[in-house]
Amino acid sequence: MTARISTFEQYQEEYKKSIEDPEGFWAGIAENFTWKKKWDKVLEWNFKEPNIKWFLNAKLNITENCIDRHLAHKGHQPAIVWEPNDPSEKSITLTYNQLHEQVCTFSNVLKKQGVKKGDRVCIYMPMVPEAAVAMLACARIGAVHSVVFAGFSTQSLSDRINDCNCEVVITSDGLFRGAKTVELKKIVDEALAVCPCVRNVIVLKRTGTPVEMKEGRDIYWTEEMQNSSGDCSSEEMDSEDMLYILYTSGSTGKPKGVVHTTAGYMVYTWYSFLNVFQYNDGDVYWCTADIGWVTGHSYTVYAPLLAGATIVMFEGIPVYPDAGRFWSVIEKHEVNIFYTAPTAIRSLMASGLDFVKPYDLGSLRVLGSVGEPINEEAWIWYNENIGKNQCPIVDTWWQTETGGILISPLAGITETKPSYAMLPLPGVQPVLLDSTGHELTGNAVEGNLCIKFPWPSMIRTTYGDHERCRQTYFDTYPNMYFTGDGCRRDADGDYRIIGRVDDVLKVSGHRLGTADIEDAINHCPEVVESAVVGYPHPVKGQGIYAFVTCDKAEHEYAALKQDILHNVTNLIGPIAKPDKIQFVRGLPKTRSGKIMRRILRKIAEGDTSNLGDTTTLIDPTVVEEIKNGVAS
């Protein structure tokens, strides 16, 4: 069965087929892969427990499908083209043959350290080819990788290592990010002081930063690779064996370890990649996402390799050494498909067209956007100045928990509208519900976005706490997966995501729980209480606004502000630092003690004309004081 959709009429036919006969539809798609043993049954599910299983009792290894099956015809084709942070440093190309050899060799390195099927391995690395090699090596031997974004703090790293009981950490001496060098190994050493489960650390030399190597625990990547064989057969995995754990912020408590399993994830990410981006054999594809996020897992590493694509992997940032860097990389590597975040687009838009004009972007065929809905102004700029009105823009909606893109235009096939994710992919059944759980049928409606039927790459559990998975995603509305997003279906039946409906912020496309940030702020001894809300930010999409009560005198606020920023950076990471901090006498609370975040959100957004009834608050006068003292 061909999986590539080529017309809108075909999309409609495939969508209809996927709803009427989901098992037959996905069985046909799955025939495109190499299996050690085919499935006995396509799907078994209920959303009550929840219990979701795809391709039951099938046996496979995802790396055979990412690498081995391409070797006969694409062995000499570039698999990964790596572009370093510093443009004066040489790019590195790994062919599929070379990638295969490196993955097999590193698989043997892991085996020598006693890593076996089911063991958890933490990857805390820069965007270098070895990061992808580490992920694939884990998958090849059946170990479960848990990648932690290398911008997270010591505390965030140790929390994640301990939650899933990682035995090995893979890291580097440091990383380059623009003009900065970050000492990664030092962060790992600090984190491991409270991680008794870790027995080995494998260290890649990247920056030349001097590091302390703990005898009996720490080993160097290169030395181990030189002493290991390049021959490693792949472990047989069950369709529902864990592939990876990826932590994501929720509205309360510690980060959740989202679990993705092997077969369904493989089938869906490949299918979505092929169709959303309309990938053609031979295309050069660049997704700018870091491997620390789900986009980096699904659409920097797994899906494009499953398709046999040539991937550009970029170590740097969009504005180093100047704001023309993205466009110079596109010209240099003749990129055909480019997938990035609205935050990056907005920041480059603000830098002006002088950084775009010197570069030939004629190789581009498809543009993508991910992380949050792209605003109309950025969409138009992207379309006109980067795509030259010739490249369809796919504004993709999905989540860490969904594993792959669920709602998106198909490039050049689906019509597009600025800021609209448009239509669901085949197999995806979205519904909009009101607050009481009643389905809103027809068009021109707005409600909470849920999915009423399983798709192959969906979350299976939260690691070590299945009840949390049930409560977070399946308890709000019976027999539904609740996304946590509000959504509008317009008069044409097209979908537009309108933001989170819980206490989760989308900052530069990354989900951050307000509870986590408040907890970090409250670690300052002088802070009595805090409340964090989002507000519109011209570059990040959402900025972080913190309202803080404390026992400091007003003239000491500047020092406390620095302490708060330091604490948040240390406990979560720099991405969670509040953009605005307002010190207040009190927070608006109901008589039951609940903080009225709705009021604070409106004040932060600059909308103070209608704050609703404040007379029921314990102290209504604090609202006026907060309004008058809004932080700049």
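Reader: By class, how many nonpolar, polar and charged residues are in the lining of the largest cavity?

Author: Glad you start there! A general idea helps: rolling a probe the size of a water molecule over the atoms shows where empty space is left. Here the lining has seven nonpolar, one polar and one charged residues (Ala, Val, Leu, Ile, Met, Phe, Trp, Tyr, Cys and Pro count as nonpolar, Asp, Glu, Lys and Arg as charged, the others, Gly among them, as polar). This is a predicted model, in which local features need pLDDT of at least 70 and side-chain atom pairs pLDDT 80 or more, while totals for chains, interfaces and linings use all residues. Residues are numbered from 1 along each chain as its sequence is written, and side-chain values use heavy atoms, leaving out hydrogens and water.

Reader: Which residues line the largest cavity?

Author: They are Val147, Val148, Phe149, Phe152, Arg160, Leu246, Tyr247, Gly292 and Trp293, around about 60 Å³ of space. A cavity is a set of points on a 1 Å grid over the protein atoms alone where a 1.4 Å probe fits but cannot get out, and lining residues have an atom within 4 Å of a point. The volume is the space filled by probe spheres set on the points, which are joined across faces, edges and corners.

Reader: How many cavities of 30 Å³ or more are there?

Author: Two. The second largest has a volume of about 40 Å³, and its lining has six nonpolar, three polar and no charged residues, including Met237, Met242 and Thr262.

Reader: What is the strand order in the open sheet of seven strands?

Author: Strands of a sheet pair through backbone hydrogen bonds, either parallel or antiparallel. Here the order is β5-β4-β17-β16-β18-β19-β20, with mixed pairing (pairing needs at least two DSSP bridges; strands are DSSP runs of E, at least two residues, and helices of H or I, at least four, numbered from the N terminus). The edge strands are β5 (92–95) and β20 (393–395). Inside the sheet, β16 (284–287) and β17 (310–314) run parallel, joined by three bridges, with valine 284 partnered by threonine 310.

Reader: Which residues of helix α14 are buried?

Author: An α-helix has 3.6 residues a turn, so residues three or four places apart point the same way. In α14 (376–386), Ala378, Trp379, Trp381, Tyr382, Asn383, Asn385 and Ile386 are buried, that is, under 20% relative accessible area with a 1.4 Å probe and protein chains only. These residues pack against α12, β18, α13, β19 and β20, with contact meaning heavy atoms within 4.5 Å. After α14 comes lysine 388, whose phi is positive, near 50°.

Conventions:
On a 1 Å grid over the protein atoms alone, a cavity is a set of points where a 1.4 Å probe fits but cannot get out, and a pocket is an open set with protein on both sides within 12 Å along at least five of seven lines; lining residues have an atom within 4 Å of a point. Buried means under 20% relative accessible area, exposed over 50%, partly exposed in between (1.4 Å probe, protein chains only).
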